[in-house]
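Colleague: Can we go through this chain together? I would like the overall picture before the details.

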Amino acid sequence: MATPLQHTRNIGIMAHIDAGKTTTTERILYYTGITHKLGEVHDGAATMDWMIQEQERGITITSAATTTYWKFKDIDYKINIIDTPGHVDFTVEVERSLRVLDGAVAIFCAVGGVEPQSETVWRQADKYNVPRIAFVNKMDRTGADFFKVLTQIEKRLGSNPIPMQIPIGAEDNFTGVIDLIERKAVVWKEDDTLGVNYEIQQIPEDYKELAEEWREKLVEAVIETDDDLLHRFFENRDNITVEEFMSAARKCVITRKIVPVFCGAAFKNKGIQRLLDAITQLLPSPLDIEAAKGTEPHTEKEILRHPNADEPFAALAFKIATDKFVGRLAYLRVYSGVLKAGSYVFNPRTKKKERISHLYQMHANKQISIEEISAGDICGAVGFKDIRTGDTLCAENKQIVLESMTFPEPVIGISVEPKTQNDIDKLSIALSKLSEEDPTFVVKVDDETGQTIISGMGELHLEILVDRLKREFNVECNQGKPQVTYKESITSVVEYRELFKKQSGGKGKFADITVRVSPCDTQIKGLQFIDATKGGVIPKEYIPAIKKGFEQAMKNGPVAGFQMDSLKVELLDGTFHPVDSDSLSFEIAAKLAFKNASIQAGAVLLEPIMNLEVITADEYVGDVISDLNRRRSHIGGTEERGGAQVVKAKVPLAEQFGYVTVLRSITSGRGSATMEFSHFQQVTENISKSIIEKIKGKFTFINI
């Protein structure tokens, strides 16, 4: 029997690397009965970390989906869970998961607190308006401080964290939690290593005052959002039932007015059952979320799809994976309607129908075949001939295009070539499949050298992809040194006339255009093209060719052949020849105009700047800052965290290759660093010259 939508939860587990996401998920699977043995990340036995590379390295690389059930107050809740990576190189996995989830559990380490990637995933959740609850994990670790993490969530993330539990003890003395609503202590038995059994006790005497203080804060934060409850509360403080209070708290979570905070120690099996209760009580069902918004492809009108099986079918493909047993597998979030195995769906991007041969309920890398999937659910589907991440699938007679996803651009690349000539075709096929799976993995060919350049989000990202080429596709590769992905831009406004004519006997080529080239008005990506011609000086059929010429030319900037991300072009005037002019002539004229006008408009090179955070002991701070200054860094300041010093800086990616090795040397192995992409910034003239000398001429990239 299908679970009612109001009892379904689509949630993600998100956090900084090493906060305990996968361990928490493994405990959830154990307590809900999906697995009968606790899988440990450090043993390489975690169910959700199914890739060989994940098991070897003890990190999550790809987001894994699973479905489980939890009974709370005699109601069976269906919970679809996506466990996401914590490493910044795999941020695309977090992005596409949050796009389709209704709620999230943000996990924080009780020692590390709010770390750089915590802020990144929090911003991603804000972007998609995802309600969330927080779980402060690793309360058993030395240096654990629950209340310090609360302060960090409030100050660094700008949220309103409200504890619904406070810990009893910390570090080795962490024995349980105090339920602030029920005014009871939940204490785990020391002899029960699996944490299945716990006792409900009275609050210890030495915690009563602290518990009442935090209970008052909890009650005030929730009650003040509901006028009826607030009125009744002032009349009689005991006039509100627990059920009424939790209903009001749930509304606060869904509207993102509060972030309820829980705590535990997943590795020691403490706090997970209560976290599951909170997921069912506080996080939204598909019915609690606003209807999915989209546009009608022909009219561009906004239309809505409500989470109802009777509405027209609409779903979003949020992930593409290659499975060795079922082939290309698309992960779908169904927003409305019903999809049956063997039926057809329409893809507005390709304007074609596709037959879904099989549907699967996912459990990490295993699939359970199902006959149909309904609104509000998540599944895997196979049978697609042409599908990409972010594609909308819908009913052909009721078309809709849902808002797609935006992904960060790759910032680092390496050249690869197969070790044997026989593997050239295999490499091309393998790279094509990997780039289908991962929108932040880009494959290009250097037109001059013929080298294949693969680009990604960081050195680890590319290292994993090269390893996958070897293990999954049996392609051994030689690889070059990492190279930074630069961009190009212009700095001023220029009017330019390009006259292109060629006569070689018979029909010639002729095109004459006058354009104004300038930086884009706002943060517009791509070409902002405006046809400002009057009186038909250029026939309308040639205008698209001019636009196409500029779009093609932007892939190869005038400084060093790198892509120009944004450009505003106004077509002001021009002339044509009744015989010699054609679309190709105007396209060529546009390409020549781009090159010459861009140089006059002060074309410059842009380089990726990274947010760097270095954690080190006090005595090494001076050496760390000195080294960063040599790397053209902008030091953002230092702060104390957990007994160590944290140095924050913005540093060019080009200066960071091999930095971890240098940092270990400077700090005698006691320093660590995390880095994530911040923005592109103009390179100074002398640095720009040295970069161009290093790359030895212009790189011309074409998509494959």
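Modeller: We can start with the whole chain and then go through some of its parts.

Colleague: What are we looking at, and how many helices and strands does the chain have?

Modeller: This is a predicted model. The chain has 16 helices and 39 strands.

Colleague: How much of the chain counts as buried?

Modeller: Of its 704 residues, 55% count as buried. As for contacts between residues at least 6 apart in sequence, 72% of them join residues at least 24 apart.

Colleague: Let's take a sheet. In what order do strands 7, 8, 9 and 10 come?

Modeller: The order is 7-8-9-10, in an open sheet of four strands with antiparallel pairing. Strand 7 (165-168) and strand 10 (198-201) are the edge strands, each pairing on one side only. From one strand to the next, the twist averages 25 degrees.

Colleague: And in the middle, how many bridges are there between strand 8 and strand 9?

Modeller: Four bridges, with strand 8 (residues 176-179) and strand 9 (residues 184-188) paired in the antiparallel sense. One bridge pair is V177 with V186 of strand 9.

Colleague: What about the loop between strand 7 and strand 8, which residue there should I look at?

Modeller: E171 lies in that loop. Its phi is positive, about 55 degrees, although E171 is not a glycine.

Colleague: Is E171 buried or exposed?

Modeller: Neither; the relative accessible area of E171 is 32%, so it counts as partly exposed.

Colleague: Where does N129 lie?

Modeller: N129 is in the loop between helix 4 (116-127) and strand 5 (132-137). N129 is another non-glycine residue with a positive phi, of about 55 degrees.

Colleague: Different loop. What is the relative accessibility of S285?

Modeller: It is 2%, and S285 therefore counts as buried, the cut-off being under 20%. S285 is in the loop between helix 9 (272-282) and strand 12 (292-295).

Colleague: Which residues is S285 in contact with, leaving aside its neighbours within four places in sequence?

Modeller: Those are L5, Q6, T8, R9, D102 and R250.

Colleague: Back to strands. How many residues of strand 32 are buried?

Modeller: Eight of the 10 residues in strand 32 (residues 509-518) are buried, which leaves the strand mostly covered.

Colleague: How many bridges join strand 32 to strand 31, and how many to strand 34?

Modeller: Strand 31 (residues 494-502) is joined to strand 32 by nine bridges, and strand 34 (residues 566-575) is joined to strand 32 by seven. Strand 32 runs antiparallel to strand 31 and antiparallel to strand 34.

Colleague: Which residues face each other there?

Modeller: Among them, K502 is opposite K509 of strand 32, and T514 has D573 of strand 34 as its bridge partner.

Colleague: Last topic, helices. At what angle do helix 12 and helix 13 cross?

Modeller: The axes of helix 12 (residues 543-553) and helix 13 (residues 583-600) cross at roughly 40 degrees and come within 7 Å. Helix 12 and helix 13 are therefore oblique to each other, since angles under 35 degrees would count as roughly parallel. The crossing of helix 12 with helix 13 is right-handed.

Colleague: Which residues make the contact?

Modeller: Helix 12 contributes A545, I546, K548, G549, F550, Q552 and A553, and helix 13 contributes S583, F586, E587, A590, K591, A593 and F594. By class, this contact of helix 12 with helix 13 has eight nonpolar, three polar and three charged residues.

Key. Residues are numbered from 1 along each chain as its sequence is written. This is a predicted model: local features need pLDDT of at least 70, side-chain atom pairs count only at pLDDT 80 or more; totals for chains, interfaces and linings use all residues. Side-chain values use heavy atoms; hydrogens and water are left out. Axes are lines fitted to C-alpha atoms, for helices over the stretch in contact, and angles run from 0 to 180 degrees between N-to-C directions. Helices (H or I, at least four residues) and strands (E, at least two) are DSSP runs, numbered from the N terminus. Angles under 35 degrees count as roughly parallel, over 145 as roughly antiparallel, 65 to 115 as roughly perpendicular and the rest as oblique. A crossing is left-handed if the near helix is turned anticlockwise from the far one by less than a right angle, and right-handed if clockwise. Contact means heavy atoms within 4.5 Å. Ala, Val, Leu, Ile, Met, Phe, Trp, Tyr, Cys and Pro count as nonpolar, Asp, Glu, Lys and Arg as charged, and the others, Gly among them, as polar. Two strands pair if DSSP finds at least two bridges between them. Buried means under 20% relative accessible area, exposed over 50%, partly exposed in between (1.4 Å probe, protein chains only).
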